[in-house]
Amino acid sequence: MRLLKSLTIALALTGLVTTASAQTGPLRIEITEGVIEPLPFAAPDFQAEDSAASEFATNIARVVASDLAGTGLFREIPASAFISNVTNFASPIQYADWKAINAQALITGAVSTGANGKLNVKFRVFDVFSGAPLGEGLQFGGSTASWRRMAHKVADVVYSRITGESGYFDSRVVFVSESGPKNARRKRLAIMDYDGANVQYLTDSNDLVLAPRFSPTGDRVLYTSYESGFPRIYVLDVASVGRRVLDDQVGTMTFAPRFSPNGNTVVFSLESGGNTDLYRMDINGANRQRLTSSPSIETAPSFSPDSSQIVFESDRSGTQQLYVMPAGGGEAKRISFGPGRYGTPVWSPRGDLVAFTKQNAGRFHIGVMRTDGSEERLLTASFLDEGPTWSPNGRVIMFMRESQGANGAPALYSVDITGRNLRRVSTPGAASDPAWSPLQK
């Protein structure tokens, strides 16, 4: 969708102060120094076009507003400040009334229900100061049970039209749900909407599970299980919850799997005879290929978006560091050179950055660097932060944070790649090892 000239946001990785000059010229938010003045928007409750749609109309508007405000780039103007109300989806917009309360964007919508539990949502986005809509109105349809997903889809469109970037709200996160005391944790795989809603459990808590990873289509999950007593990689179908072992060779342990961008190949670590190297294999179990051959430990591999390279962690230099090598194996180039140890690298979906965990001077950090190791930036610092995963648009990173002390429990957090907007992600209990899905189809 083309961004209207009068309503643009320039988001720079190194950016830090944001200013908006909508009242004196074209609205433009430029991040230059890390303190952002969020764009004010109004999102009145959507109009219910029949009695059965009333509750959905209100709830959908609230989720849309929550999605946008949660980015830190937008600020919702409360309904108590409204001068006029939207009472009909087709009515002309009273731009002066919205301009008077400094709303720079206005989102309106309507919801109707049909036969067999169908729900229809239509909406429009307006640039208040230019007095014009941002693109054409759109509509989504689905079951009443999927109303939250339709709200996320609306928010994605609004976000895209205002920022010029793709959204990330209509996505899911698979993670390890934890329960029980710290010295006897029980772990099972769970999946949820990106904002913590609609949690579903994919495995029981009888066996230790680790490091789930989504397929590029979001329909399968790779993970490591100790069901056999040794780590083994499983492939799980999200819809049916059916699963199978990926590679089961006697005398070996397999772990840290990740899909290739086309979903046909898996790269993983295999331990045999006390040595751990990287391997790749077709998802059907054929064509296993050894990628590294070193007395060191090679693990946590992640493909570049174009499938040409793999970033991974290794202690071949004597300490845990990050390396990049061709996806088919070959010479590896070290890219991390700062003080401390580096691990769990993940290539950004944009292809320009690698996220990682860093341990230095008794603190853990989530950071990003260019794929050649330059421009390292630490986004967080705490007693224990680890395991970054990228949002589908490469704008936000989710990770696990654990607090210090005997009762410290892991929780999920997210942070923007500028280091702003650190937020805790709601989960039913302790949670770790998040992995973000692509946008749903």
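Here are three short exercises on this predicted model, each with a worked solution.

Before you start: residues are numbered from 1 along each chain as its sequence is written. In this predicted model, local features need pLDDT of at least 70, side-chain atom pairs count only at pLDDT 80 or more, totals for chains, interfaces and linings use all residues, and side-chain values use heavy atoms, with hydrogens and water left out.

**Exercise 1. Work out how compact the protein is for 441 residues.**

Step 1. Start with the elements: you'll find three helices and 34 strands (DSSP runs numbered from the N terminus, helices being H or I of at least four residues and strands E of at least two).

Step 2. Now take the radius of gyration, which is 23 Å, close to the 22 Å from the globule rule, so the protein is as compact as a globular protein of that length. (The radius is taken over C-alpha atoms, and the rule is 2.2 Å times the number of residues to the power 0.38.)

Step 3. Add the box: along the principal axes, the C-alpha atoms fill roughly 75 × 50 × 45 Å.

Step 4. Finish with burial: 52% of the 441 residues count as buried (buried is under 20% relative accessible area, exposed over 50%, partly exposed in between, with a 1.4 Å probe and protein chains only).

**Exercise 2. Decide whether T299 is buried or exposed, and find its side-chain partner.**

Step 1. Locate the residue: T299 sits in strand 22, which covers residues 298-303.

Step 2. Check the area: T299 has a relative accessible area of 12%, so it's buried.

Step 3. List who touches it. Beyond neighbours within four places in sequence, T299 is in contact with F255, A256, S269, L278, F312 and E313 (contact means heavy atoms within 4.5 Å).

Step 4. Pick out the polar one: the side chains of T299 and S269 make a polar contact at 3.0 Å. (That's a pair of N or O atoms within 3.5 Å; within protein, one must be able to donate a hydrogen and the other to accept it, and residues adjacent in sequence count only if both atoms are side-chain atoms.)

**Exercise 3. Describe the surroundings of T113.**

Step 1. T113 belongs to strand 7, residues 105-113.

Step 2. Its relative accessibility is 27%, so T113 counts as partly exposed.

Step 3. Leaving out residues up to four places away in sequence, T113 touches D50, A52, A53, K118 and L119.

Step 4. Look at A53: T113 and A53 are 60 residues apart in sequence, yet 5.8 Å apart in space, C-alpha to C-alpha.

Step 5. Then D50: its side chain and that of T113 are joined by a polar contact of 2.7 Å.
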